[in-house]
Number of protein chains: 4
Amino acid sequence: MSTQNGPRKAEAIFAATLELLAENGYDKLAIEAVAARSGVNKTTLYRWWPSKDALLAATLRDSGLFALDVPDTGSLRGDLLAVATQILRLLTSEHTSPAVVATLTAGPRRPELGEVARSFFADRMTREEPIFERATARGELRAGVDPVLVMDLLAGAIWFRLLLRGGEAGPQFLEEAVDTVLAGAA
Amino acid sequence: MSTQNGPRKAEAIFAATLELLAENGYDKLAIEAVAARSGVNKTTLYRWWPSKDALLAATLRDSGLFALDVPDTGSLRGDLLAVATQILRLLTSEHTSPAVVATLTAGPRRPELGEVARSFFADRMTREEPIFERATARGELRAGVDPVLVMDLLAGAIWFRLLLRGGEAGPQFLEEAVDTVLAGAA
Amino acid sequence: MSTQNGPRKAEAIFAATLELLAENGYDKLAIEAVAARSGVNKTTLYRWWPSKDALLAATLRDSGLFALDVPDTGSLRGDLLAVATQILRLLTSEHTSPAVVATLTAGPRRPELGEVARSFFADRMTREEPIFERATARGELRAGVDPVLVMDLLAGAIWFRLLLRGGEAGPQFLEEAVDTVLAGAA
Amino acid sequence: MSTQNGPRKAEAIFAATLELLAENGYDKLAIEAVAARSGVNKTTLYRWWPSKDALLAATLRDSGLFALDVPDTGSLRGDLLAVATQILRLLTSEHTSPAVVATLTAGPRRPELGEVARSFFADRMTREEPIFERATARGELRAGVDPVLVMDLLAGAIWFRLLLRGGEAGPQFLEEAVDTVLAGAA
DNA sequence: ACTTAATCGAGACGGTACGTCCCGTCTTTTA
DNA sequence: TAAAAGACGGGACGTACCGTCTCGATTAAGT
């Protein structure tokens, strides 16, 4: 009954990975450095994860960094604002930003990380559905509006504004975005 | 009047850079390989660009890959659809996708590439403004709607859907997105 | 109990080093070339020796090129002549000359090689002492004569004549030198 | 009568060469650095001297570093001591040591520098001959003793002691050396 | 003063080797 | 017998100088 599902010092490894990711960014996250910092031999890392990305994916899954609170404020606008605020925080907070941004932008070219992102967003969508069900029940949402599209517009706008346009996204921006989307979807 | 503004074989270098980027992706784009393929010495590359990113940025600026047609279809909806289609094409066409995606996702962590992206979007926004002016003149746009927000929503949704959610974005998706945004902004 | 004390292919490395030294001289002895010829990766060389000089020093220590026979011919004159002949051979023989000359002349400016030379001469002096003890016992040597001085004069003359003056040093020269020194020391 | 025999800024070049030689040693004496420091273009250096060694040889010939005073103290012992002291000073003084040692040890493998050394020693021997003529006249020297051999023994001993054995050579050493040689040659 | 040839400066270039970093693999110990 | 230790081949990095080349700009005569 010794079916191990990870190395003995898994926690130290994950911790080291997150630290180094935060310190140096994705590209300078070196397996050798993770090994050194976590007090584990490089060989051990390769035994359990075939690549840096696989290790990082496992680390992120383990980290809860992508945790998500599904709000229930009583109104669709409130719920969407809450979600938007969460996304913004994820992308800007000191704690989460390095890992989150690194992971998600690396995604498209990195199958393992892409999978992390995809499953994160899929899971998230699933859990966000009640928001839209409640809104529909309240009559706040036009029938036939695709919740996924709403989330794409909202999350995409924040993402785009912050990372591609290099701009800022304050509370006011969030409100305007939510209101515009809502106006189109209500 | 022969003030040089780049290496003598600049064209060969840019071509090699683009090819290798398309073939191997950003991370495997090696300066040594660019040198070898373009028939230039590694030293020459370092003489002109301090880093891979700087070289890539110059290449992209030179490439016209980010070229943009500002549409004028007679209706805001038509214009936005055209723009959205262009964005989609940029992100998915075999020609442009590798370079564009690589550049833009690398952006946030790479000052030089980020600058390329930012200036691209800034320039683009400037050129798109007439779309909104015409729309306002036609009465298709509510006063006080921020064109930048509209573009953030629209472009962000496409971007998000394709690269983060890992989904597909067909013409129908574009239409829905445009319509939703328009409904909120009209 | 196989604590490694050098790379696995140490022999091939030393051989390549000596060959290249003989072929091209000290200054063109390139670590990359040693790596290539010995079928070892450059990295491996740097793992074991921090510099070209350290590698060369190890090679020379391993090579036995500086091996020394302490003669016992029955007379001080005979012994000194034998030693002088050995020195001459070391400096002129095709086998030894490139390495020996390169090492010893590089010495003053190269700590590692200087150390090789110094320890070689120190060891040598130790082993030559019996020559002088026997000579003293035979009454061939004035009391109070410093053996080191005798060797400095003798070896220095050969060395100076050959390498600095650019002259030749045949058997006759050796005899004259030995006789002059002896006359002053007897 | 404008046959130039050197570049216009020859002095600055020679000065820079000597300085850099003293600062960094022979091996780090870079032509590019000489050019930079002397305010001359690299091309100019190559126009006049085909190699680092040729430049260095010219510099040394120009420098007078190897200047030599032939003593006349009234006794052979005094003259030889004076010469030995000069040699010692040449090899140890802060001013001369770097250049002299570098040049002479580089000699054997460097035709141009070897030539500098050889002609230096040849010239020197010529000028030292009177010492031995006077000594013979005074009856201080056995007939048939080769002055060159005497100088080889003496100079060689100092050289050997200092540079190969890595030892020291104080006034006492010089006296012992001179006396031993003299005893054998008187 | 004017020309004219020697000399120089500026700058780009191909090239070799450097010493380093980190990769992913493999062999050999050790617990 | 699984883990850790550690040596290894390999690829690319970014740098330092090398020695060469072309082409304008200086200079310093000789007329």
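Okay, let's start with one chain. Chain A has 9 helices and 0 strands. Read along the sequence, that gives the pattern α-α-α-α-α-α-α-α-α. Before I go on, please keep in mind that this is a predicted model.

How big is the box around chain A? Taken along the principal axes, the C-alpha atoms fill roughly 60 × 45 × 25 Å. The chain has 186 residues, and 43% of them count as buried. On the contacts inside chain A: if you take those between residues at least 6 apart in sequence, 62% join residues at least 24 apart.

Now, what does the record say? UniProt, in an unreviewed entry, puts the feature "domain: HTH tetR-type" at residues 7-67 of chain A. In the model that stretch is 69% helix and 0% strand, with its end C-alpha atoms 24 Å apart. There's also a UniProt annotation, again from an unreviewed entry, called "DNA-binding region", and it covers residues 30-49 of chain A. Residues 30-49 come out as 75% helix and 0% strand, and here the end C-alpha atoms lie 13 Å apart.

One residue to look at in chain A is R8(A). You'll find R8(A) in the segment before α1, which runs 10-24. Is R8(A) buried or exposed? It counts as exposed, because it has 10 C-beta neighbours inside 10 Å. If you want a feel for distances across the chain, compare R8(A) with F132(A): they are 124 residues apart in sequence and 43 Å apart in space, C-alpha to C-alpha.

Next, the DNA. Let's take strand F. How many residues surround DNA strand F? The count is 35, and the closest are A30(B), E32(B), P7(C), R8(C) and I31(D). Which elements supply that surface? Each of the following gives at least two residues: α3 (42-48) of chain A, α2 (31-38) and α3 (42-48) of chain B, α3 (42-48) of chain C, and α2 (31-38) and α3 (42-48) of chain D. In terms of chemistry, the surface near DNA strand F has 11 nonpolar, 13 polar and 11 charged residues.

So much for the DNA; on to how the chains pair up. Take A and B. You can lay chain B on chain A with an RMSD of 0.1 Å, using a turn of 180° and a shift of 0.1 Å along the axis. That is the relation of a two-fold axis. And the same surface serves both copies, with 100% of the contact residues of chain B recurring in chain A.

What's in that contact? It has 35 residues of chain B touching 35 residues of chain A. On the chain B side, the elements giving two or more residues are α6 (97-106), α7 (111-138), α8 (147-164) and α9 (171-185). Of these, α8(B) gives the most, with 11 residues. By class, the chain B side divides into 20 nonpolar, 8 polar and 7 charged residues.

Now the other pair, C and D. Chain D goes onto chain C with an RMSD of 0.1 Å, by a turn of 180° and a shift of 0.0 Å along the axis. Here too the same surface serves both copies: 100% of the contact residues of chain D recur in chain C.

This contact takes 35 residues from chain D and 35 residues from chain C. On the side of chain D that touches chain C, two or more residues come from each of α6 (97-106), α7 (111-138), α8 (147-164) and α9 (171-185) of chain D. The largest share, 11 residues, is from α8(D). The class split on that side of chain D is 20 nonpolar, 8 polar and 7 charged.

And what about contacts across the pairs? No contact joins chain A and chain C, and their closest C-alpha atoms lie 16 Å apart. Likewise, no contact joins chain B and chain C, with the closest C-alpha atoms 18 Å apart.

Last stop: helix α5 of chain B, residues 76-92. It has 17 residues and reaches 24 Å from its first C-alpha to its last, close to the 24 Å expected at 1.5 Å a residue. Which residues of α5(B) are buried? Those are L76(B), D79(B), L80(B), L81(B), V83(B), A84(B), I87(B), L88(B), L90(B) and L91(B). Do have a look at D79(B) on the screen, since that aspartate is on the buried list.

That's it from me.

Definitions and conventions. Residues are numbered from 1 along each chain as its sequence is written. Chains are lettered from A and ligands numbered from 1 in the order in which they are written. This is a predicted model: local features need pLDDT of at least 70, side-chain atom pairs count only at pLDDT 80 or more; totals for chains, interfaces and linings use all residues. A residue is near a molecule or strand if its C-beta atom, placed from the backbone, lies within 6 Å of it. Helices (H or I, at least four residues) and strands (E, at least two) are DSSP runs, numbered from the N terminus. Ala, Val, Leu, Ile, Met, Phe, Trp, Tyr, Cys and Pro count as nonpolar, Asp, Glu, Lys and Arg as charged, and the others, Gly among them, as polar. Copies are superposed by least squares on the C-alpha atoms of residues with pLDDT of at least 70 in both. Two residues are in contact if their C-beta atoms, placed from the backbone, lie within 7 Å. The expected span of a helix is 1.5 Å times one less than its number of residues. A residue is buried if 20 or more other C-beta atoms lie within 10 Å of its own, exposed if 12 or fewer, and partly exposed in between; C-beta atoms are placed from the backbone. UniProt positions are given in the numbering used here, feature names are shortened, and annotations may be inferred rather than shown by experiment.
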